[in-house]
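User: Please take a close look at one helix and the way it packs against its neighbours. Then follow the chain outwards from there to the metal site and the unusual backbone spots.

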Amino acid sequence: SRFCSPACKIEVPERLTVSHEALVRTGLAARCVSIAVREATDEEILLVHSEEYLEAVKKTPYMTLEDLMAFTQQYGDVYFHPNIYHCAKLAVGATLQLVDSVMTGRVRNGIALVRPPGHHSQKSAASGFCIFNNVAIGARYAMQKYGAKRVLIVDWDVHHGQGVQYCFEDDPNVLYFSWHRYEHQNFWPNLRESDYDSVGKEKGAGFNINVPWNKVGMENSDYLAVFFHVLLPVAYEFCPDLVLVSAGFDSAIGDPEGKMCATPDIFAHLTHLLMNLAGGKLCAVLEGGYNLTSLAQSVCQTVQTLLGDPAPLPADLGGPCESVLKSIHCVRSAHKQYWSSDLPASELSAKSLKVAEQKTGNEPEAQEQRSPEEIVWPEPPKRLCPPVRTAVALPEGVACPDACKRCSSAEAPSSLYSLSLHVLCECVCAGSVCRITVSLYILVCVIVCRAVHVLICVCVCVCVCVCVCLAPQGCSDVAGFMQAVLGLLLPLGYEYNPGLVLLVRMPGSGVCESVWQQLAGLLQGLAQGHTLVLMQVRGPVWVKYSPVNWWMCIQDQNWQLCKCTNSCYQQAEYIRYS
Ligand SMILES: NCCCNCCCCCC(=O)CS
Ligand SMILES: [Zn+2]
């Protein structure tokens with residue numbers, strides 16, 4: 001009978017079958033393009049691993065049981081099954097097939113559901129269930145075959161991918177970000193170099209970011225705070241050509257390894273926040289994830305966001321806990337010298353990162369006492385996947401796009417203010433909007449919102465401070481702008497949890513196109529994507545309002561609304577008319 005180390009009780013084949021079955025059951029698989037897997041070649045594996053290691057692993061299918069056990073003992077927490085070499089080659093091959101499909105533009109993004117995982121394996125060693133380092137090979141492959149200059153690897157698995165860190169620690173072209181259960185080096189793999197002060201070596205200094213979780217029981221707001229205040233400002237400054245995600249879901253609630261409390265829907269937001277980078281080129285590669293229920297739910301949340309569906313409302317976020325604030329402060333201080341977009345750590349005061357009352361110490365222990373099966377959490381909320389409908393406000397004399405039928409509103413709104421009020425009221429009285437976050441530029445239209453309710457003004461005053469500190473520099477201060485969006489607007493927006501985001505761009509606001517689109521994209525993580533974008537520009541411009549995706553073509557002050565069928569636009573983008 002097959003010898004079995006304790007490890008093989010959790011890294012089991014059912015991980016892939018339950019994930020795939022969930023994708024099929026929810027209809028998500030049918031919306032995806034399936035990519036064939038293949039075995040990796042020796043040359044591809046040698047992009048990261050040594051010849052002697054590869055040659056040794058090649059022998060494992062033919063080893064006797066005792067040889068296999070001896071071979072396994074030399075590594076930590078892996079098991080070598082006679083078939084694992086074949087599976088490990090398929091895991092790498094699947095990853096590279098995904099990288100091919102994304103880098104050639106055949107698909108925009110995708111996920112490789114593979115096992116064994118990869119992020120712990122090293123040049124000449126297997127570790128932590130990992131044989132070959134799928135994601136590290138994927139990064140090297142993308143740089144070698146497609147000339148990718150900068151690759152961002154985001155490792156949201158609950159373990160530190162030390163294998164990836166070792167592979168790229170002196171390489172400034174690969175930015176490796178990992179958060180991981182650490183508990184002051186008391187959690188596996190118990191490495192000193194997993195702490196926040198490992199920032200990379202030589203030319204790679206600043207390109208390795210470790211965020212240690214020194215407590216278990218981390219929640220959604222902790223994960224988002226690290227994205228807003230550590231990863232995203234640096235990722236935007238790094239400006240990658242490709243994003244690889246070491247998508248381990250053992251960081252989700254119910255996992256026996258992670259013992260965290262973040263719910264599966266958080267992966268919809270983490271994915272969304274990364275999709276605006278690298279022109280949307282994102283390859284997620286499965287790492288860990290051992291609670292079959294939360295694994296399947298987390299995979300579905302990730303895939304549904306990759307497909308472009310609006311993220312669910314970020315349910316009742318608190319502020320990050322004290323322990324996370326400390327980790328964030330430490331890692332930002334360690335990296336302050338490398339990243340200009342990094343506000344001095346002191347700026348990250350408790351006020352902008354609302355300090356939640358210290359998590360009462362007993363929760364995690366309670367978690368520890370309950371067996372993983374006993375931990376329950378609510379089903380992820382049903383998510384909108386709105387048909388793409390459109391509304392076009394057309395100036396006189398401009399023909400409707402095909403298949404549109406003009407249904408001008410009763411009173412053709414005569415100005416930007418009355419239009420947004422008009423649409424606003426339509427939303428509000430349609431009851432589909434309970435609260436509204438006004439975004440950066442709405443302050444100029446504060447008169448529009450007066451008719452809505454006083455809550456707006458609270459938010460507007462916050463936005464006023466952001467806009468004031470931004471407007472003078474205009475587009476030249478992109479870093480400053482993005483820092484304010486990531487470090488202030490998004491955290492507050494997520495905590496405020498609005499029913500609608502109103503984004504108004506006034507002429508002379510001085511923000512350039514790309515930054516504007518980043519802002520509109522990022523804000524769609526709020527309000528289930530209910531975003532109204534109003535732009536007043538010279539000449540007609542199409543803008544997008546979702547989920548009904550109202551398109552408004554605006555010319556000067558002349559507005560008319562008409563609804564188009566959803567056949568007009570499959571993927572809502574900005575289309576500028578000549
Ligand atoms: N030696 C005491 C217990 C050690 N357990 C090690 C578990 C490794 C988990 C690796 C993993 O999940 C990859 S994502
Ligand atoms: Zn893991």
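Analyst: What follows starts with helix H8 and works outwards.

The model is predicted. The protein has 17 helices and 15 strands. Of its 578 residues, 60% are buried. Among contacts with a separation of 6 or more, 78% join residues 24 or more positions apart.

Helix H8 covers residues 220-238, and its first partner here is helix H16, residues 478-496. Two packed helices are described by the angle between their axes and the distance between the axes. For H8 and H16, the axes come within 9 Å and cross at roughly 160°. Angles over 145 degrees count as roughly antiparallel, and H8 and H16 are therefore roughly antiparallel to each other. The crossing of H8 past H16 is right-handed.

Which residues make this contact? On the H8 side they are Leu224, Phe228, His229, Leu232, Pro233 and Tyr236. On the H16 side they are Met482, Gln483, Leu486, Gly487, Leu490, Pro491 and Tyr494. By class, ten are nonpolar, three are polar and none is charged.

The second partner is helix H11, residues 322-335. Here the axes lie 10 Å apart, at an angle of about 20°. That angle falls under 35 degrees, so H8 and H11 are roughly parallel to each other. H8 also passes H11 in a right-handed crossing. From H8 come Asp222, Ala225, Val226, His229 and Val230. They meet Val324, Ile328, Val331 and Arg332 of H11. This contact has six nonpolar residues, one polar residue and two charged residues. His229 of H8 takes part in the contact with H16 and also in the contact with H11.

Now to the two partner helices. Leucine 492 is part of H16. With a relative accessible area of 36%, leucine 492 is partly exposed. Its C-alpha atom is 20 Å from that of serine 323, a residue 169 positions away along the chain.

Just past H16 comes a backbone spot worth checking. Asparagine 497 sits in the loop between H16 and strand S9 (500-505). It is not a glycine, yet its phi is positive, at about 55°. Most residues other than glycine have a negative phi, and most peptide bonds are trans. Asparagine 497 counts as buried, at 15% relative accessibility.

Lysine 259 is another case of positive phi in a residue other than glycine, with a value near 55°. This lysine lies in the loop between S5 and H9. Its relative accessible area is 16%, so lysine 259 is buried under the 20% limit.

That loop leads to the metal. Aspartate 250 lies in the loop between strand S5 (242-247) and helix H9 (266-274). It is a donor to the zinc ion (ligand 2). The protein donors are Asp157 (OD), listed twice, His159 (ND1) and Asp250 (OD). They lie 2.0 to 2.7 Å from the zinc ion. Along the sequence, the donor residues follow the spacing D-x1-H-x90-D. Histidine 159 belongs to the loop between strand S2 (151-155) and helix H7 (162-168), so histidine 159 and aspartate 250 tie together parts that are 91 residues apart in sequence. Histidine 159 is buried, at 5% relative accessibility. Aspartate 250 is also buried, at 0%.

On the far side of that loop is H9. Nine of its nine residues are buried, so H9 is largely enclosed by the rest of the structure. Its buried residues are Ile266, Phe267, Ala268, His269, Leu270, Thr271, His272, Leu273 and Leu274.

Two cis peptide bonds complete the tour. One joins arginine 115 and proline 116, with omega about 5°. Proline 116 is in the loop between strand S1 (109-112) and helix H6 (134-146). The other runs from tryptophan 188 to proline 189, with omega near 5°. Proline 189 is in the loop between strand S3 (174-181) and strand S4 (208-213).

To return to the helix in question: H8 runs roughly antiparallel to H16 and roughly parallel to H11. No charged residue takes part in the contact with H16, whereas two charged residues are found in the contact with H11.

Methods: Residues are numbered from 1 along each chain as its sequence is written. Chains are lettered from A and ligands numbered from 1 in the order in which they are written. This is a predicted model: local features need pLDDT of at least 70, side-chain atom pairs count only at pLDDT 80 or more; totals for chains, interfaces and linings use all residues. Side-chain values use heavy atoms; hydrogens and water are left out. Donors are N, O and S atoms within 2.8 Å of the metal (3.2 Å for Na, K and Ca); water is not among the atoms, so sites may look incomplete. Helices (H or I, at least four residues) and strands (E, at least two) are DSSP runs, numbered from the N terminus. Buried means under 20% relative accessible area, exposed over 50%, partly exposed in between (1.4 Å probe, protein chains only). Axes are lines fitted to C-alpha atoms, for helices over the stretch in contact, and angles run from 0 to 180 degrees between N-to-C directions. Angles under 35 degrees count as roughly parallel, over 145 as roughly antiparallel, 65 to 115 as roughly perpendicular and the rest as oblique. A crossing is left-handed if the near helix is turned anticlockwise from the far one by less than a right angle, and right-handed if clockwise. Contact means heavy atoms within 4.5 Å. Ala, Val, Leu, Ile, Met, Phe, Trp, Tyr, Cys and Pro count as nonpolar, Asp, Glu, Lys and Arg as charged, and the others, Gly among them, as polar.
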